[in-house]
Structures are given as C-alpha cells and as structure tokens.
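Grab a pencil and have a go at these exercises. Each one has a task, then a solution you can walk through step by step.

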Amino acid sequence: MIELRALSAGYRGQPVLQNISLAFPPGTVTALLGPNGCGKTTLLKTALGLLEPVAGEVWYDGAPLSSLTPRQAAQRAAYLPQSRAVPDIEARRMVLHGRFPYLSFPRRYRPCDYEAVQRALAAAGAGDLAGRPLPELSGGQRQKVYLAMALAQETPTVFLDEPTAWLDVRCQLDVMRAARTLADAGRAVVIVCHDLCLALRTADRAAVFAEGGLLLADTPGAVYQSGVLDRAFEVRVRRISTEDGWQYFCE
C-alpha cells in the first residue's frame, strides 16, 4: 500500500499542497478532486517519485520510497499522465513499454510480456488498435493505448491522471468501469478526474483538495454531505437516488 505521510508537494521548495496524510488501500478506487491548479497532479508526481517532496514522506509497502530504486518503484506503481508524446510506433509496441520494469538490458520480451499486453489491451478496450500506428489514432484512441500501457505494468497501485480526457461518453464509462474492475480484483486505483459526477459515482473514497491542503477524504456520500465540494468548486453539488445508486449533478 502507498501512503503519504505529512507530505508537502510543490516546486523549487515552494509547496502547492501541505501536510497531506493519505493512504491508497488495495481494492479501492480513490478519486482526487479539486479545482484546476490545486495540486492534484503535483501530488501524483510526488507520490511516484517524479518530484522530490518539499516535506514529509511517501511510503511503499512499509518502506520509504526514497529507499527504492526506480525499477523497484515502477514494479509497485504505474502512472497514466495527462498527456504524452506520440511516437511513430504501433500501439502494441507502445503497450510493451509497460513491461520495461521487469526486463533487463538488452530488453528481450518473454511470452508472459506479450500475454500481459494482450490482457491490458483488452481491459482498456483497445484490442482492435493493437496493430495500428499511434499517429493515425484519434486522441481518444491513443488515450486507450496509454491506459493499456499503464495496465501492462501489472502493479498493485495504478495512478490515472485524467484518464477520460479526449474520450467520448461511452469510452469514459468504459474507462471508469475498467478502474472499478481493477479495484475489485484487489488493486489500488487512484484517479484524478474533473468529471465530478462520474468520479463520485465510481469511487469508494474521494479526497477533496483546495486552499493548499486536503479538505476531506471519505466516502463519496460523506464528502457530499459535508458540503466541502460546494466550497472547493464554488458550485452546488446535488444528488438523486436511482435504482443504480446515488447519481450526482452540479448546478
């Protein structure tokens, strides 16, 4: 399990978020919510070791992240960033990059690596894109391929930063269902999502950030009832009960 312990995250020693203590348990989808610029992506990068903490610590499975090699860390947490470069290779080869943490140099793919790629492509709804060059794909199709690359890493924790960006409504729902399936299989899934209603519908826990800190981390229902969503986003968040559970909307 990945834990943030009194973590302050930012740039050049200046914190964007301060004193964040938060854990990402296995079998749980955690949605990180907050307005643009509040530090959600900065927090993810610090949790992954891509940025040095301003203060506090990140722990992986009971050990400080600072004590792990990059390869060891990459075997424990995968990352789908908001955007990536578009190399001129076919989608299947791109997804194979997710297997790098398990390969020595020179990289020679094994049957188990190709099997992991097939599973990841299927889980991301990108099986039909495997043989196509990335530059020929739409933004939404490329996002599916990048998601598959993160899934091919087969880590216990998966960080997804705006995974539904560029996707149409059906594909957004598919991605969130994939996140739910991963959590139900025992992985910890952490999602930054600006679709507040979709995030609350999918997540087991929601962490709301604003004003330089963590306002509240709890179940979506408890977060809704607290009123912190209205405070953080300066909108009115409401919900209605349906046969599929609570459905959230904004006014």
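Here come five exercises on the fold shown above.

This is a predicted model, where local features need pLDDT of at least 70, side-chain atom pairs count only at pLDDT 80 or more, and totals for chains, interfaces and linings use all residues. Residues are numbered from 1 along each chain as its sequence is written, and side-chain values use heavy atoms, with hydrogens and water left out.

**Exercise 1. Overall build**

Task: Work out how many helices and strands the protein has, and how its radius of gyration fits the globule rule.

Solution:
- Start with the elements: there are nine helices and twelve strands. Helices (H or I, at least four residues) and strands (E, at least two) are DSSP runs, numbered from the N terminus.
- Next, the radius of gyration is 18 Å, close to the 18 Å that the globule rule gives for 251 residues, so the protein is as compact as a globular protein of that length. The radius is taken over C-alpha atoms, and the rule is 2.2 Å times the number of residues to the power 0.38.
- Finally, along the principal axes, the C-alpha atoms fill a box of roughly 50 × 45 × 30 Å.

**Exercise 2. The four-stranded sheet**

Task: Find the strand order of the open sheet of four strands, then look at how β1 and β2 pair.

Solution:
- The order reads β2-β1-β4-β5, and the pairing is antiparallel. Two strands pair if DSSP finds at least two bridges between them.
- At the edges sit β2 (14–24) and β5 (63–64), each pairing on one side only.
- Now zoom in: β1 (residues 2–11) is antiparallel to β2 over seven bridges. Ile2 stands opposite Phe24, and Glu3 has Ala23 as its bridge partner.
- These two strands make a hairpin with two residues between them, and Arg12 in the turn has a positive phi of about 50°.
- Helix α1 (residues 40–47) lies across β1, β2 and β4 (55–60), at about 120° to β1. Such angles run from 0 to 180 degrees between N-to-C directions, with axes as lines fitted to C-alpha atoms, for helices over the stretch in contact.

**Exercise 3. The six-stranded sheet**

Task: Trace the open sheet of six strands and say which helices lie across its strands.

Solution:
- Follow the order β6-β7-β8-β3-β9-β10; the pairing is mixed.
- β6 (77–80) and β10 (213–218) are the edge strands, and the twist averages 15° from one strand to the next.
- For a parallel pair, take β3 (residues 29–33) and β8 (residues 188–192), which share four bridges. There, Thr30 stands opposite Val190.
- Helix α5 lies across β6 and β7, at about 170° to β6, while α6 lies across β3 and β8, at about 150° to β8.

**Exercise 4. Two helices crossing**

Task: Describe how α4 and α5 cross.

Solution:
- Two packed helices are described by the angle between their axes and the distance between the axes.
- The axes of α4 (residues 111–123) and α5 (residues 139–152) come within 8 Å and cross at roughly 135°.
- α4 and α5 are therefore oblique to each other: angles under 35 degrees count as roughly parallel, over 145 as roughly antiparallel, 65 to 115 as roughly perpendicular and the rest as oblique.
- Who touches whom? Ala116, Ala120, Leu121 and Ala123 of α4 meet Ala148, Leu151 and Ala152 of α5, where contact means heavy atoms within 4.5 Å.

**Exercise 5. Backbone oddities**

Task: Locate the cis peptide bond, and find where Glu162 sits.

Solution:
- The cis bond joins Phe105 and Pro106, with omega about -5°. Pro106 is in the loop between α3 (91–96) and α4.
- Glu162 has a positive phi of about 55° although it is not a glycine. Look for Glu162 in the loop between β7 (157–161) and α6 (169–184).
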